[in-house]
Amino acid sequence: MDELKKYTEALFAHQPQTSKVQDLKDEIYGNLLAKKQDLISQGYAESEAIVKTKDSILSVDNIIEGNQLTYINRFKTECWQTLLLYGSVLWILSIPTIIMARIPFSIITFFTVIFFGISYLNSKKNNQDEVAFVNGNRYKKMSRTVWIIWFIFFVVSTVTVTAVMFGSNIWFARPIRITGPYAFASVAVRYYIPAVTVLLPIAIGSFPKMLANNERKD
Amino acid sequence: MDKRNKLIIVLLIIGVLAFCTVQFIIIPHNKAKQDEYNARQNDSLTHDIENILSYKSAYIGDASNNANLFTRLPLNSVPRKFKIDPDDCFLTIYYLDTLRNIGETKVHRDLVYNSVSAMALIDNLKQITYGFSGATFIFTREEIENSFDHDLSSLLNKETWNEKVQSKLHDSDFVSRFYE
């Protein structure tokens, strides 16, 4: 691999390996080769031409589609704060389930709040004026993926609960008996828990908007 | 940011208050009610018939149904073993304790109650034998039907059950007739 090829690979090392990025990489490499040839034809030695060619492009961050210059730590802090906010709501919503002996769900949400809280406080300590390129498309994709995962989880758990609670009527010929408010609540809580976890994809879904809010405009 | 931080603090305070309310007020209150209810289920005079209606079965052969039914009937705190004779439709329950330990009066009353309950719920159950250390009691369907009703399953609602089964068990002479 020639030196300019290696340099091009290094420039794109932290970029997502999409076909568009690959096309851009090929284009940049072609441009670098042309520039080197041009410099050689102007009388530069090859090694000197390579150094000058490399100096002409120091980063590709600003030409990657979706990349934006962002106050990176402000953005991260805001993400953790949002997760803490929605996590706290989820914890509150989980507390009534303790009455129905669904203690693990409440414990998990409680420790999730602690984790989000610690991460938020740590993130606040970082230099909030630091800037870096962040790819907005990546966060949009992440948001879509989280929604898809949650939707699958919700459908699977709802179908499973329905099959176990009401299907036993078919399997064992013993109908489910909802004899009062407690019996109703013990059935409803099995649907309630997967439903309230919708707060997590909602929180993560707000990341792309927060990224846009934290763009360095100048 | 500051507004959101204030909101988070408010939410955390709400969470702590809700947790304390559930953990230290609602759960102990529910537990006390449940303990009281469970204690009533271990006494034939206060047992709730609706608690066992889901164990209605046409056949004696369903071992898990039998075991679950007797878990919700009086004497449920006494360890026991079951033997089913599906050919003759007989059920035998060995209680692993003595009459003296449990209390003779209670055992006599509860065995009558358990027999009516089981025969009202399990259609083809003809006879139940209860074994204790040093004592055995046998209840036949005929004997139970003669004392309560020839259509035992018609007794299976709360009012009728209280009137025609539980109220009779207050009478110790009525109970003792089964042990003559």
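In this predicted model, A:Asn137 sits in helix H6 of chain A, which runs over residues 136–171. A:Asn137 comes out as partly exposed, since its relative accessibility is 34%. Setting aside neighbours within four places in sequence, its contacts are A:Glu65 and A:Gly66. A:Thr82 is 55 residues away from A:Asn137 along the chain, and the two C-alpha atoms are 20 Å apart.

Helix H5 of chain A, residues 103–125, has more to tell about burial and exposure. Its length works out nicely: 23 residues at 1.5 Å each should span 33 Å, and the 34 Å between the end C-alpha atoms agrees with that. Which residues of H5(A) are buried? The set is A:Phe105, A:Ser106, A:Thr109, A:Val113, A:Phe116, A:Gly117, A:Ser119, A:Tyr120 and A:Ser123. Their cover includes three helices of chain A, namely H4 (72–94), H7 (181–196) and H8 (199–205), and also helix H1 (2–41) of chain B.

A nonpolar patch on the surface is a different story: A:Ile103, A:Ile107, A:Phe110, A:Phe111, A:Ile114 and A:Ile118 make it up, and together they offer about 530 Å² of accessible area. One of these patch residues, A:Ile118, belongs to H5(A). As a reminder of helix geometry, an α-helix has 3.6 residues a turn, so residues three or four places apart point the same way.

As for the cysteines, a search of the whole structure turns up zero disulfides over all chains. A:Cys79 is buried, because its relative accessibility of 7% is under 20%. B:Cys20, on the other hand, is partly exposed, with a relative accessible area of 31%.

Terms used
Residues are numbered from 1 along each chain as its sequence is written. Chains are lettered from A and ligands numbered from 1 in the order in which they are written. This is a predicted model: local features need pLDDT of at least 70, side-chain atom pairs count only at pLDDT 80 or more; totals for chains, interfaces and linings use all residues. Side-chain values use heavy atoms; hydrogens and water are left out. Patches are made of residues with over 30% relative accessible area and no salt bridge: like charges are joined within 9 Å, nonpolar side chains (Val, Leu, Ile, Met, Phe, Trp, Tyr) within 5 Å. Accessible areas come from the Shrake-Rupley method with a 1.4 Å probe; for residues, only the protein chains shown count as cover. A salt bridge is a side-chain nitrogen of Lys or Arg within 4 Å of a carboxyl oxygen of Asp or Glu. Helices (H or I, at least four residues) and strands (E, at least two) are DSSP runs, numbered from the N terminus. A disulfide is a pair of cysteine sulfur atoms within 2.5 Å. Buried means under 20% relative accessible area, exposed over 50%, partly exposed in between (1.4 Å probe, protein chains only). The expected span of a helix is 1.5 Å times one less than its number of residues. Contact means heavy atoms within 4.5 Å.
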